[in-house]
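Biologist: I am new to this structure and would like to learn how to read it. Could we go through it one feature at a time?

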Amino acid sequence: MSDDRPSLAIVGGTGALGSGLATRWAAAGYPVILGSRSAEKAEAAAREIAAANGAPAVRGLDNAAAAQAGDIVVVAVPFSNHDAVLDEIETAVAGKIVIDATVPLIPPKVATVQLPPHGSVAQATQRRLGDGVRVVSAFQNVAAHKLREGTAIDCDVLVCGNAKEARDAVIALIEAIGLRGIDAGPIANSVAAEALTSILIGINRRYKADGAGLRITGLAGS
Ligand SMILES: NC(=O)c1ccc[n+]([C@@H]2O[C@H](COP(=O)([O-])OP(=O)(O)OC[C@H]3O[C@@H](n4cnc5c(N)ncnc54)[C@H](OP(=O)(O)O)[C@@H]3O)[C@@H](O)[C@H]2O)c1
């Protein structure tokens with residue numbers, strides 16, 4: 001059933017966002033590999049997701065081995081650890097699509113936009129990994145706990161990347177888990193998606209919302 005589907009490695013796959021995405025993709029029939037600093041921790045998290053979903057095609061490895069094993073690699077780690085993770089996976093992701101969901105949140109002021117001096121996380125990832133890697137940014141504005149819950153999520157996902165075919169591939173992965181991916185253009189535009197996360201966190205606090213999301217209106221079918 002999943003033969004024609006790419007395998008998806010999630011670096012930081014034991015975390016809130018990574019495990020949420022893994023749960024959804026596993027339920028949709030994609031082979032999923034969770035990455036962690038600890039292979040044992042990844043294996044345990046994979047067993048939990050597999051058992052909950054009746055989806056045996058979930059396994060766990062250390063981050064570098066997971067990145068090596070996946071056709072497409074997702075990076076879902078705290079900003080503070082992002083550079084170190086890129087060091088770990090750089091060789092393994094050569095020639096692949098890398099989906100970067102990392103948001104430049106700097107505690108304690110996570111509801112204030114604090115973009116890195118070099119522009120955005122995803123742009124830095126593209127520069128760091130080079131043109132042989134197609135970096136696509138996505139998922140910065142999706143509440144992780146809603147992915148785990150498995151119910152419908154009322155939001156769109158902005159998708160940025162320099163290669164249109166890579167953006168399209170990521171949009172297909174987003175649609176596979178019941179969300180709408182919006183082609184938001186080149187990787188330079190990721191700065192907007194990354195900044196919006198702090199705004200949504202602030203909205204959640206001020207309005208006591210359980211995971212505010214974004215909707216793009218005015219599109220055919222929306
Ligand atoms: N949570 C959300 O709702 C959400 C939504 C959109 C985007 N994001 C972004 O997605 C990324 C991941 O978010 P998250 O909430 O999933 O994060 P998280 O649960 O705090 O961390 C994800 C994983 O990263 C590893 N990790 C945590 N702290 C680390 C450290 N200091 N050094 C090295 N590795 C560390 C851990 O994996 P191991 O211990 O297994 O190595 C952890 O399971 C962040 O950039 C976040 O801003 C989050």
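Biologist: Which residue just after helix 8 takes a positive phi?

Modeller: This is a predicted model, and in it Lys208 has a positive phi of about 50°.

Biologist: How far apart are the end C-alpha atoms of helix 8?

Modeller: They are 26 Å apart. Helix 8 has 18 residues and at 1.5 Å a residue should span 26 Å, so the two values agree.

Biologist: Which residues of helix 8 are buried?

Modeller: A residue counts as buried when its relative accessible area is under 20%. In helix 8 the buried residues are Ser190, Ala193, Glu194, Ala195, Thr197, Ser198, Leu200 and Gly202. They pack against helix 5 (121–129), strand 6 (134–137) and strand 7 (156–161).

Biologist: How many residues of strand 7 are buried?

Modeller: In strand 7, 6 of its 6 residues are buried. Asp156, Leu158 and Cys160 point one way, while Val157, Val159 and Gly161 point the other way.

Biologist: In which sense do strand 6 and strand 7 pair?

Modeller: Strand 6 and strand 7 pair in the antiparallel sense, over 2 bridges. Val136 has Gly161 of strand 7 as its bridge partner. With strand 8 (residues 180–183), strand 7 runs parallel, and 4 bridges join the two. There, Val159 stands opposite Asp183 of strand 8.

Biologist: Now to empty space. What is the volume of the largest pocket?

Modeller: The general idea is that rolling a probe the size of a water molecule over the atoms shows where empty space is left. Here the largest pocket has a volume of about 840 Å³. It is lined by 35 residues, and the closest to its centre are Ala16, Leu17, Ala76, Val77 and Pro78. Helix 1 (16–27), helix 4 (79–89), helix 6 (144–149) and helix 8 (190–207) are the elements that each give two or more residues to this lining.

Biologist: Which element gives the largest share of that lining?

Modeller: Helix 8 does, with 4 residues. Sorted by class, the lining has 17 nonpolar, 16 polar and 2 charged residues.

Biologist: One last residue. Is Ser7 buried or exposed?

Modeller: Ser7 lies in the segment before strand 1 (8–11). Its relative accessible area is 11%, so Ser7 is buried. Leaving out residues up to four places away in sequence, Ser7 touches Pro31, Ile33, Ala69, Gly70, Asp71 and Ile72.

Terms used:
Residues are numbered from 1 along each chain as its sequence is written. This is a predicted model: local features need pLDDT of at least 70, side-chain atom pairs count only at pLDDT 80 or more; totals for chains, interfaces and linings use all residues. Side-chain values use heavy atoms; hydrogens and water are left out. On a 1 Å grid over the protein atoms alone, a cavity is a set of points where a 1.4 Å probe fits but cannot get out, and a pocket is an open set with protein on both sides within 12 Å along at least five of seven lines; lining residues have an atom within 4 Å of a point. Grid points are joined across faces, edges and corners, and a volume is the space filled by probe spheres set on the points. Ala, Val, Leu, Ile, Met, Phe, Trp, Tyr, Cys and Pro count as nonpolar, Asp, Glu, Lys and Arg as charged, and the others, Gly among them, as polar. The expected span of a helix is 1.5 Å times one less than its number of residues. Buried means under 20% relative accessible area, exposed over 50%, partly exposed in between (1.4 Å probe, protein chains only). Contact means heavy atoms within 4.5 Å. Two strands pair if DSSP finds at least two bridges between them.
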